[in-house]
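Colleague: I am new to this structure. Could you walk me through it?

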Amino acid sequence: MSRTFFKCKKFILFALFLSTLTLHAEKLIYNDGVLIPKTEAKMEQIGDELLSKTGVRAYVYATQNINNMALHDYEKEIMKNKKSPFVVLLITLKDQKVDIVNSPDLDTAFDREQILSPYSWSGSIIPLLVGKKKDVNVNAAMLNGYADLTEQIASHNNVTLTSGIGSTNRDMIFFLRIAIYLFLAFVIGRYVLMRIKKR
């Protein structure tokens with residue numbers, strides 16, 4: 001009797017272990033050679049923590065192209081088998097598209113327009129995509145945007161992500177951009193003044 005009970009207990013514990021492992025091993029980042037391993041690993045860490053604390057699945061789809069598919073159709077295909085609540089941050093490089101789609105229950109959990117804003121004082125993705133070092137910018141932009149997205153969802157659920165990059169990193173990027181714009185304005189202004197003086 002005790003031997004049978006012991007075997008059943010071992011089986012139940014093993015089944016629980018497998019179910020926990022399956023939940024933890026859920027793939028959240030789909031990377032088609034766009035993200036470097038370090039960026040992908042950090043996103044997975046943030047996404048796993050958000051899932052464990054809120055039950056929200058925050059996916060990333062980073063692809064080179066979507067094979068002439070309309071973005072709307074691609075998004076519908078992605079969302080087809082997703083379990084609510086979920087959000088998807090996606091980028092397709094050759095099509096130059098960045099978007100966020102989500103299950104209806106997350107409509108008020110984050111500010112989509114702010115995250116995707118092209119303005120440097122607001123947006124956390126698109127302003128970083130502009131530049132000569134494309135690969136570096138794509139990784140920085142996607143990580144920055146994903147962190148912003150997940151932290152907003154966490155805040156909406158009254159939890160804090162210890163793996164998040166926090167607002168300090170985004171503030172530094174913002175002030176760096178402002179410094180660059182001021183420097184460019186100074187250089188252009190000086191050039192214009194020199195041209196006027198020569199006349």
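The questions below go from the whole chain to the sheet and then to the salt bridges.

Modeller: Two notes before we start. This is a predicted model, where local features need pLDDT of at least 70, side-chain atom pairs count only at pLDDT 80 or more, and totals for chains, interfaces and linings use all residues. Residues are numbered from 1 along each chain as its sequence is written, and side-chain values use heavy atoms, leaving out hydrogens and water.

Colleague: How many helices and strands does the chain have?

Modeller: Helices (H or I, at least four residues) and strands (E, at least two) are DSSP runs, numbered from the N terminus. From that end the elements read α-β-α-β-α-β-β-α-α-α-α. The total is 7 helices and 4 strands.

Colleague: What share of the residues is buried?

Modeller: Buried means under 20% relative accessible area, exposed means over 50%, and partly exposed lies in between (1.4 Å probe, protein chains only). The chain has 199 residues, and the buried share is 38%.

Colleague: In what order do the strands lie in the sheet?

Modeller: Two strands pair if DSSP finds at least two bridges between them. The sheet is open and its pairing is mixed. Its edge strands, each paired on one side only, are β1 (29–31) and β4 (97–102). The order is β1-β2-β3-β4.

Colleague: Which residue of β2 is the bridge partner of I29?

Modeller: β1 and β2 (residues 57–63) run parallel, joined by 3 bridges. In β2, the partner of I29 is V60.

Colleague: How many bridges pair β2 with β3?

Modeller: One residue pair here sets Y61 opposite L90 in β3. β2 and β3 pair in the parallel sense, and the number of bridges is 7.

Colleague: How many residues of β2 are buried, and which of them point the same way as V60?

Modeller: In a regular strand the side chains alternate between the two faces of the sheet. β2 is mostly covered, with 7 of its 7 residues buried. R57, Y59, Y61 and T63 point one way. Pointing the other way, with V60, are A58 and A62.

Colleague: Is the crossover from β1 to β2 left-handed or right-handed?

Modeller: A crossover is right-handed if, with the strands pointing away from the viewer, the path from the first strand over the helix to the second runs clockwise. The unit made by β2, α3 and β3 is right-handed. From β1 the chain crosses through α2 to β2, and this β-α-β crossover is left-handed.

Colleague: At what angle does α2 run to β1?

Modeller: Axes are lines fitted to C-alpha atoms, for helices over the stretch in contact (heavy atoms within 4.5 Å). Angles run from 0 to 180 degrees between N-to-C directions. Helix α2 (residues 37–54) lies across β1 and β2, and its angle to β1 is about 155°.

Colleague: Which strands does helix α3 touch?

Modeller: Helix α3 (residues 71–79) packs on the sheet. Its direction makes about 40° with that of β4. The strands it touches are β2, β3 (86–92) and β4.

Colleague: Which residue does K53 meet in a salt bridge?

Modeller: A salt bridge is a side-chain nitrogen of Lys or Arg within 4 Å of a carboxyl oxygen of Asp or Glu, and the count comes to 4. K53 is partly exposed at 39% relative accessible area, while its partner counts as buried at 11%. Both lie in helix α2, 4 residues apart, about one turn of the helix. The closest N and O atoms are 2.7 Å apart, and the partner is E49.

Colleague: Is K80 buried or exposed?

Modeller: K80 and E77 meet through their side chains in a salt bridge (3.2 Å, N to O). E77 is partly exposed, with a relative accessible area of 46%. K80 has 54% relative accessibility, so it counts as exposed.

Colleague: Which residues do salt bridges with shared partners join into one network?

Modeller: R112 forms a salt bridge with E113, with 3.3 Å between the closest N and O atoms. R112 is partly exposed at 29%, whereas E113 counts as exposed at 56%. The network consists of D99, R112 and E113.
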